[in-house]
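User: I should like to understand the terms used to describe a structure with more than one chain. Please take me through them with reasons.

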Protein chains: 2
Amino acid sequence: MEGLPKTLAALSRALRERDFSPVEVVGALLKRVEADETNAFITVTGEKSREAAARAEKEILAGEYRGPLHGVPVALKDLIFTEGVRTTMGSAFFEDHVPDHSATVARKLEEVGAILIGKTNTHEFAYGPTGDRSHFGPTRNPHDPARITGGSSGGSGAAVAASLCYGALGSDTGGSIRIPAALCGVVGMKPTFGRVSKHGVFPLSWTLDHVGPLTRTVEDNALLLNALAGFDLEDPHSADRPAEDFTRNLERGVRGRTIGIPKEFYFEHIEDEVEARIRETAEVFRSLGAWVQEVEIPNLSQTLKAQRLILAAEAYAVHEERLKTAPEKFGEEARQRLLDGERPKAHRYANARRQGLLAAREFDAVLESVDIILTPTLPIPATRIDERETNIGGHEERIPSALTRLTGPTDLTGHPSLSVPCGATAAGLPVGLQLIGRRFDEATLYGYAYAYERAASTQAL
Amino acid sequence: MEGLPKTLAALSRALRERDFSPVEVVGALLKRVEADETNAFITVTGEKSREAAARAEKEILAGEYRGPLHGVPVALKDLIFTEGVRTTMGSAFFEDHVPDHSATVARKLEEVGAILIGKTNTHEFAYGPTGDRSHFGPTRNPHDPARITGGSSGGSGAAVAASLCYGALGSDTGGSIRIPAALCGVVGMKPTFGRVSKHGVFPLSWTLDHVGPLTRTVEDNALLLNALAGFDLEDPHSADRPAEDFTRNLERGVRGRTIGIPKEFYFEHIEDEVEARIRETAEVFRSLGAWVQEVEIPNLSQTLKAQRLILAAEAYAVHEERLKTAPEKFGEEARQRLLDGERPKAHRYANARRQGLLAAREFDAVLESVDIILTPTLPIPATRIDERETNIGGHEERIPSALTRLTGPTDLTGHPSLSVPCGATAAGLPVGLQLIGRRFDEATLYGYAYAYERAASTQAL
């Protein structure tokens with residue numbers, strides 16, 4: 001089946017035109033999944049997927065077309081609850097856990113006819129950016145199996161990059177969608193806080209968690225977000241915003257519009273090859289007629305510190321009972337990190353939350369003078385599995401810290417942040433570009449990313 | 001000048017009709033303030049007030065009428081910054097502090113022509129519901145000088161009740177507007193969180209603080225809120241809501257509409273005389289044609305506990321530096337209470353914040369089936385100055401805890417809550433009725449309160 005369409009958008013057209021049937025597409029993908037060496041999936045829904053494909057096929061043939069995701073195979077990070085399908089959080093605690101209800105996002109995808117083909121591997125309880133600590137084994141980077149996918153949504157990154165599905169959902173608390181997107185060379189969107197429901201998604205940190213899509217192309221990503229976004233009474237953090245079409249700006253172009261590049265923080269301690277790729281993207285935008293100007297976003301180190309403190313405290317709150325009753329069931333790394341979250345004082349959390357509000361206002365202020373902010377997604381390309389220390393031009397840093405350093409701030413402020421592939425290192429490891437936009441303005445991010453993707457031909461496939 | 005109008009609304013009409021001049025009104029009030037025995041004011045703006053009155057008089061005579069607050073004397077709690085006028089927070093730290101800028105609410109009142117006549121006494125740093133701990137001495141209840149006004153906005157409650165001004169602003173973090181309103185027998189509104197700017201208001205607890213008006217009547221309160229409400233970029237918690245007229249529902253009546261009375265929590269451990277007054281108000285509403293039904297709001301004890309933990313942690317965060325560098329400058333009670341806020345852990349704060357979100361949803365759910373929720377404002381009437389223990393029908397409780405028990409929950413959830421006088425005990429101590437409404441629906445609260453006030457003739461004057 002090498003003839004399968006490469007993008008979700010192309011598959012969607014082919015399914016609608018009946019050039020392909022959902023059954024053959026799902027069959028072909030399940031074969032690929034069988035041969036997968038990235039360990040992208042914890043659970044493959046095989047028979048259920050085939051049945052869903054048969055239903056979709058019947059509906060499409062009967063003219064009951066549900067829209068661009070009808071018959072499209074997708075995967076869900078294995079902390080998104082699926083009724084009747086095991087959901088493990090990558091943890092021994094839940095290795096046999098079969099939820100009795102589905103997450104809102106799982107239901108939404110089902111309603112528009114998407115076909116679940118499996119549950120993707122996740123760093124244990126989503127608490128780690130490397131993707132190599134899961135009760136079900138590490139995920140491996142499709143570009144180099146000795147290297148990490150990044151995490152925590154590592155299985156979703158690998159599955160999309162290895163063409164095992166046409167899109168996958170992840171969750172992002174400190175970068176967990178954008179990190180695997182960047183390291184695996186796919187498109188990953190952390191939407192605005194509140195944009196996508198978290199009901200039925202196992203929490204890592206209530207006030208920082210975001211759910212969003214990973215896909216091969218920008219258009220595919222916008223199509224998936226169309227199905228995911230929307231107010232949900234079941235999620236106390238859900239924002240009551242009207243539905244919109246996130247593909248509406250794809251053809252809008254960037255001529256005469258303005259991009260901000262931060263002077264500090266985002267370009268400190270980053271690898272030369274990464275910096276080179278990012279500077280090249282700025283040139284591409286300039287060549288497309290955009291203005292590129294320097295901007296200043298103050299206090300980002302404090303913002304990152306605040307994000308990390310809140311994450312630690314909330315993760316401890318989520319897992320307190322388990323840590324007390326069955327500490328041995330956690331992996332060593334997760335347990336240690338969780339226990340660290342017991343110590344901070346409430347008044348530090350209060351100050352951190354305050355810093356989050358101030359930081360959000362600072363991003364808002366910068367985004368009044370520019371349309372989007374352009375940064376690297378990560379300071380480094382994929383490191384080796386199990387590796388934990390890195391040296392970036394003389395700067396020693398723990399890899400988990402390096403991986404979340406540039407993504408963490410907007411998990412605290414809530415601004416939408418999109419990672420887009422922007423070439424590779426000499427060793428062939430993907431590099432990711434991060435675009436940060438105004439709150440609830442994902443459509444503009446997609447517009448810029450689409451223009452860039454076209455001009456630079458950097459699609460994952 | 002016994003002929004001075006008794007309400008803000010009546011004064012407003014008299015000023016517009018030129019039956020009174022701002023200069024004579026301010027002069028008369030300043031005389032009353034001189035004779036005040038409640039210790040309502042920390043600073044009286046005397047000469048400045050007279051100058052402002054002269055300006056207002058000139059403008060009104062010249063036909064430059066600025067609206068219903070033009071020429072109306074008001075007072076501000078002494079933690080609301082006033083450019084060039086001492087602002088002390090009731091604390092030795094700030095006894096000579098003259099701000100170089102005004103709070104947004106102070107500027108707004110000035111813009112509509114209101115005349116500041118002084119800064120009202122506050123419990124030290126607003127951290128106490130009794131109003132009897134201030135660097136400038138306790139405030140005394142106009143109904144019994146041996147008793148507390150309640151706090152922390154005790155000076156505002158006393159000043160309005162003693163007719164020393166036509167309205168005063170307070171702040172409410174655990175009940176600090178509604179408590180003195182109830183104990184002094186005036187109307188006090190804690191608006192929806194985000195409705196009124198806190199820029200330039202000294203914080204007690206960033207995520208719980210609210211600013212709002214105390215007045216003699218419901219109509220007066222709505223008129224003041226009209227001038228205060230509105231989005232303010234300078235306040236990171238400000239909500240971007242359109243301006244509205246809060247008097248618009250005053251004549252709407254309650255016939256056929258529905259009031260909810262909670263079964264639990266709000267009627268546990270309250271004094272018989274208080275309960276009797278509240279049950280009587282329900283009868284008044286019934287006689288006006290409203291439906292009164294029981295409602296259930298779960299987990300309120302947890303909500304209150306969460307509100308108290310967040311308050312303690314944030315108050316410590318606000319005062320950490322002062323506690324370390326000059327602990328002796330705090331009063332003993334404030335220092336001890338602040339120091340208690342150092343201890344809680346961040347994960348407890350995280351859980352408390354979560355509980356706040358869930359509680360907000362629970363209030364929202366109840367307020368889908370009823371228009372408003374009716375409760376007592378307080379379980380007890382005014383206690384004696386310096387008294388700290390009470391016994392409510394056999395239930396032993398610290399007075400500060402008793403005073404904030406029924407007001408605290410909606411400081412956490414953000415729902416607007418209005419305290420309205422509803423008669424008195426046999427000893428002549430005022431009792432307050434609390435009306436809780438939908439978020440950003442203060443107008444409905446005023447509508448109900450106005451209907452009640454008319455029917456029961458319970459105006460402060």
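User: How many residue pairs are in polar contact between chain B and chain A?

Analyst: There are 12 such pairs, with both residues at pLDDT 80 or more. A polar contact is a pair of N or O atoms within 3.5 Å; within protein, one must be able to donate a hydrogen and the other to accept it, and residues adjacent in sequence count only if both atoms are side-chain atoms. Please note that this is a predicted model, in which local features need pLDDT of at least 70, side-chain atom pairs count only at pLDDT 80 or more, and totals for chains, interfaces and linings use all residues. Residues are numbered from 1 along each chain as its sequence is written, chains are lettered from A and ligands numbered from 1 in the order in which they are written, and side-chain values use heavy atoms, leaving out hydrogens and water.

User: Why is the pair B:Glu320 and A:Arg348 called a salt bridge?

Analyst: The term requires a side-chain nitrogen of Lys or Arg within 4 Å of a carboxyl oxygen of Asp or Glu. The closest N and O atoms of B:Glu320 and A:Arg348 are 3.0 Å apart, so the pair satisfies the definition. Between chain B and chain A the count is four salt bridges.

User: What makes up the area that chain B and chain A bury between them?

Analyst: Buried area is the accessible area (1.4 Å probe) that two parts lose on being put together, summed over both. Here the value is about 2500 Å², with 58% of it on carbon and sulfur atoms. Of the area that chain B buries against chain A, 25% comes from B:Pro236, B:His347 and B:Arg361, more than from any other three residues.

User: How do you know that the copies meet through the same surface?

Analyst: Contact means heavy atoms within 4.5 Å, and 28 residues of chain B are in contact with 28 residues of chain A. Because 100% of the interface residues of chain B are also interface residues in chain A, the copies meet through the same surface.

User: Why is helix H5 of chain A described as largely enclosed?

Analyst: Helices are DSSP runs (H or I, at least four residues), strands likewise (E, at least two), numbered from the N terminus. Buried means under 20% relative accessible area (1.4 Å probe, protein chains only), exposed over 50%, partly exposed in between. Eight of the eight residues of H5(A), residues 154-161, are buried, so the helix is largely enclosed by the rest of the structure. Among the elements that its buried residues pack against are strand E1 (41-44) and helix H6 (178-184) of chain A.
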